[in-house]
Amino acid sequence: MHRLRSPAAARWLAVARRVGTVLLFAWFAWHTYDRISFFVDRQFPVGLDATIYYRGVVAWLSGTNPWDAAVVVGGFAYHYAGTPVTTVIMAPAALLNEDVFTTAWVVLTWVATIWTLRRLGFPLWWLLFPPIAEALFSANPQLVVLALLVANHSVASAVATALKVYAFIPLFGEGRWRQIGLAVGLNLTTMVVAPDLWLAYIRQFGAISSRLEYESLQGLSAYYFPVLLAVTVVALLILALRDRRAAGWLAVPAVWPSSQFHYSTMALPVMSPLMAVLLAIPHLRLPPVVIILEVARRLIEPWVRQQLANGQSPPTVEPPPADGLSRGETPPRDAGGSPSRDRSAGQ
């Protein structure tokens with residue numbers, strides 16, 4: 001409960017929030033400019049990840065090894081690393097030529113992202129949130145996956161898990177058991193459709209994972225760092241006891257192997273101002289640290305509020321936030337390193 005505020009205090013609070021919104025916009029804009037400039041200066045093509053996925057699918061359909069497919073930028077190859085499920089579900093891409101598919105996927109990524117922001121109640125200037133901006137530049141399927149999950153529909157969620165297997169984690173967090181069942185069925189079906197592809201993937205899994213670890217500089221998550229990983233997992237488990245939904249959305253950027261900067265977009269459905277500011281920074285191993293801090297905030301803040309409420313009365317209602325973020329909690333529930341060579345292939 002919040003204490004009664006005078007009109008003057010309410011006005012100052014509204015001004016502070018508007019100033020905070022401007023500062024957050026500027027923070028996003030600066031980091032996005034710095035991030036995208038890095039890729040443009042080094043001649044990374046727009047839609048890089050979409051092209052990698054396309055080449056992996058075409059390689060499989062032509063009878064060659066999809067995990068040898070790559071895009072070379074500056075003498076460095078970024079390889080396809082999608083699962084057999086992803087390869088099968090994206091097979092229709094081969095009906096188009098490479099340039100047409102890449103362009104179409106770039107457009108789809110923008111449309112999906114705008115829809116997601118509207119669905120979650122964020123203003124459109126959140127397109128400048130650096131993890132979003134990077135995924136828009138590369139046309140990584142992550143933003144399409146997020147939109148499919150936010151749609152909270154059985155078929156959409158199943159397709160999301162086919163594109164990115166880690167999409168199962170927020171589904172478990174939200175307890176969408178029927179959607180999980182359909183998604184498991186879809187994934188298993190690909191074993192019948194393409195058994196040879198699955199056998200090849202299993203045989204090469206170690207090599208694919210090792211190459212992905214190298215190309216992503218071990219990613220931004222805690223996965224390859226045992227102490228940090230242990231602390232992060234404990235924090236997520238504690239959070240899950242209190243808010244399983246939030247833990248599900250935060251787990252991917254925190255602990256998924258070889259995670260990329262754009263994986264932080266998975267936190268959007270439970271975004272807070274603290275995470276917004278810190279996750280905008282493209283730095284290796286920063287996301288798990290940010291999420292540990294967020295877990296601590298979520299655990300401590302209710303206690304602090306209770307202590308303040310015990311000595312204050314009467315309760316009143318605060319004016320709504322003006323920046324598209326909730327006050328440290330989650331957006332509406334209707335949804336259901338640094339600059340370096342971390343443009344990991346097909347992730």
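Biologist: Which residues is Leu250 in contact with, leaving aside its neighbours within four places in sequence?

Modeller: Leaving those neighbours aside, Leu250 is in contact (heavy atoms within 4.5 Å) with Leu236, Leu239, Ala267, Val270, Met275, Ile291 and Glu294. This is a predicted model, in which local features need pLDDT of at least 70 and side-chain atom pairs count only at pLDDT 80 or more, while totals for chains, interfaces and linings use all residues. Residues are numbered from 1 along each chain as its sequence is written, and side-chain values use heavy atoms, with hydrogens and water left out.

Biologist: What makes Leu308 exposed rather than buried?

Modeller: Buried means under 20% relative accessible area, exposed over 50%, and partly exposed in between, with a 1.4 Å probe and protein chains only. Leu308, which lies in helix α14, has a relative accessible area of 51% and is therefore exposed.

Biologist: Which residues form the nonpolar patch on the surface with Leu308, and which helix gives the most to it?

Modeller: Val234, Ile238, Leu299, Ile300, Trp303 and Val304 form the patch together with Leu308, with about 640 Å² of accessible area together. Helix α14 gives the most, with five residues, and α11 (226–242) and α14 (286–310) each supply at least two.

Biologist: How do you know that β2 and β3 pair?

Modeller: Two strands pair if DSSP finds at least two bridges between them; four bridges join β2 (residues 70–73) to β3 (residues 76–79), so the two strands, which run antiparallel, are paired. Val73 stands opposite Phe76 in β3, and in the turn of this hairpin, which has two residues between the strands, Gly74 has a positive phi of about 60 degrees.

Conventions: Patches are made of residues with over 30% relative accessible area and no salt bridge: like charges are joined within 9 Å, nonpolar side chains (Val, Leu, Ile, Met, Phe, Trp, Tyr) within 5 Å. Accessible areas come from the Shrake-Rupley method with a 1.4 Å probe; for residues, only the protein chains shown count as cover. A salt bridge is a side-chain nitrogen of Lys or Arg within 4 Å of a carboxyl oxygen of Asp or Glu.
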